[in-house]
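Please examine the model below alongside its sequence. The paragraphs that follow lead from the surface to the interior.

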Amino acid sequence: MTFGVEQSGLVGTCQGVPDLPPLFATLPILLLCLLAQKPGQVGSGGGRWKGLARLGFGAGKLILLAVPLEPVIRGAIQALPEAQTSTVAWMSLFAFGCQLYLVLSGAVDLLLGARQMLGRGVVEWFGAPFRAGGFTAFWRDWNQPLTKGPDFRRAALSLGAVLLAVVIWRGASWGTLAWAALHLALLGLERWRGRSLFAPLPLPVRAALTLAVVLISSMLLFMPTLEEGLAHVRRLFVTSPATAYSVLLDARLSTPWTITCLWLGGLCCVAMPPASWLLSQSWRGWPIIGILTGIMAGGMLARRGPAPRPDSIRAMIRHAVQWPLAVWMQEGTADVFVGHEGWLYRQSELDRLTMKREGHGSVGTLMAFAGHLRTAGVPLLVIAVPDKVALYPEFIQPAEYAAPVQPPEFQSALDRLRGAGVTVLDPAAGLWRAQKRTPLYFRADSRWTPEATKEVVLAAAKFIHQTWPGVAINETPLINATILDHRVAGDLARALDPW
């Protein structure tokens, strides 16, 4: 009996992480912001159009900037130790700091924009925390109007609200408590000193030092455990040797679209004035920009989820958004990765090479099944089917690869099967040599070419003939085959853009 098993069946599945930030995590900030509004305050003229524009700015922060940063943060949290590098650590550092501000400020913009749409006036919530010259000023600017009195009280309240939002969003750990204790201590030191810890340095220097401490310490906040947070901090300053896994992870996290969103997100956090200030200017272009931003955010939502029917309106909208992203920004979807020269890959294949996995795969099940067959006198042959990325990694990141790129636990899984008496055939080495002379995978499809099928079938036939001579048939059967020329878009191409 013969089974063909994919790599995912042998090494387990990867942990799943939602790529949309849960908006309910912003409830602490939204509740405080709502309490700060004046119930009887009436908005100024043109409030509805300005409210619509503010809704667009908020949706843009959330969908256009915050959501694309989630894969970078996921890369830091769930990447295999063999794939972790200082580049990933620094990217995730900036991504988390930007994403946290963009999600919370974007949710506040949605709330205040809705109030303006109803003809109500608004009290601005956020200041410019990323330009603050000290820790008290940094946290105070996350909560401008709510409380009066000492800056320390306002800063501590903002710190608590942000901490609660992150705990709801990503969970709590000892690292969370360490982060909170560190920032409370910094606020206490500034209160005791009566000024910024970095005074009397110039404001730009103080702002840079404050932001550096905030961002580096955020590793303790978003990593699952305190130990992982400290290890991530150390990784910022230690260069690790490159591996095939780290090269692939860097490539999938450094697409032009991700880098663009990271730069725009940082620019928005540091330099963008509050939406209320933009919309109060005499230039009428800002409301138009805000509304167009909201429309683009809606279009980006249309490309999420499973591929729609090709004749649907959603498919047409998805095509209008996805086509320029794929062509100009090398951006795929949650299921499809866009490589170089038109090559497409399943994201799940890249996950198996770069992300941590849950469970131990089907090795135990295959061993038990082989035992049952053995009692009946039936041999079991397992053929390990290599993924597309294992044979063609150079179209994800151009480099010199000496052998097929298999998951780290792949060989140990095969050794466990062989140790349990299971006969295993791994055709990857032969396919690696064959792909130098003939294509084994289609560019836009996840399936083999006929040449690859032939290579594996011939290898399996030869192996069976050598291992079980009595089973093999020496005569070649007569086959009346008809060659069909049928051209269709690959399954990965349809999943990427079904229109």
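Methionine 117 has a relative accessibility of 31%, and it therefore counts as partly exposed, since the partly exposed class lies between the 20% limit for buried residues and the 50% limit for exposed ones. In this predicted model, methionine 117 belongs to helix H5, which covers residues 86-117. Together with Trp49 and Leu52, Met117 makes a nonpolar surface patch of about 300 Å².

The protein chain as a whole exposes about 24,200 Å², of which carbon and sulfur atoms supply 65%. Of its 499 residues, 48% are buried. The chain contains 22 helices and seven strands. Among contacts between residues at least 6 apart in sequence, 76% join residues at least 24 apart.

Helix H5 also leads into the interior. The largest nonpolar core has 103 residues, and within it Trp139 and Trp142 touch the most other members. H5 gives the most to this core, contributing 15 residues. What does tryptophan 142 contact, leaving aside its neighbours within four places in sequence? Its partners are Leu100, Tyr101, Leu104, Trp125, Phe126, Pro129, Phe130, Ser158 and Val162. Leu100, Tyr101 and Leu104 lie in the stretch 86-117 that forms H5.

Two other partners of tryptophan 142, Ser158 and Val162, are among the buried residues of helix H7. The buried residues of H7 also include Arg154, Ala155, Leu159, Ala161, Leu163, Ala165, Val166 and Trp169. H7 comprises the 20 residues 151-170; at 1.5 Å a residue it should span 28 Å, and its end C-alpha atoms are 28 Å apart, so the expected and modelled spans agree. Glycine 171 follows H7 and has a positive phi, near 90°.

Attention now turns to another part of the chain. A second, separate nonpolar core consists of 13 residues, including Val363, Val382, Phe410 and Ala413. Val382 is also one of the residues touched by valine 424, which is placed in strand S7, residues 423-425. Is valine 424 buried or exposed? Its relative accessible area is 7%, so valine 424 is buried.

Not counting residues up to four places away in sequence, valine 424 touches Leu381, Val382, Leu414, Leu417, Arg418 and Phe463. The contact with phenylalanine 463 joins positions 39 residues apart in sequence, and the C-alpha atoms of this pair are 9.9 Å apart in space.

Note on methods. Residues are numbered from 1 along each chain as its sequence is written. This is a predicted model: local features need pLDDT of at least 70, side-chain atom pairs count only at pLDDT 80 or more; totals for chains, interfaces and linings use all residues. Side-chain values use heavy atoms; hydrogens and water are left out. Helices (H or I, at least four residues) and strands (E, at least two) are DSSP runs, numbered from the N terminus. The expected span of a helix is 1.5 Å times one less than its number of residues. Buried means under 20% relative accessible area, exposed over 50%, partly exposed in between (1.4 Å probe, protein chains only). Patches are made of residues with over 30% relative accessible area and no salt bridge: like charges are joined within 9 Å, nonpolar side chains (Val, Leu, Ile, Met, Phe, Trp, Tyr) within 5 Å. Accessible areas come from the Shrake-Rupley method with a 1.4 Å probe; for residues, only the protein chains shown count as cover. A salt bridge is a side-chain nitrogen of Lys or Arg within 4 Å of a carboxyl oxygen of Asp or Glu. A nonpolar core is a set of buried Ala, Val, Leu, Ile, Met, Phe, Trp, Tyr and Cys residues joined through side-chain atoms within 4.5 Å. Contact means heavy atoms within 4.5 Å.
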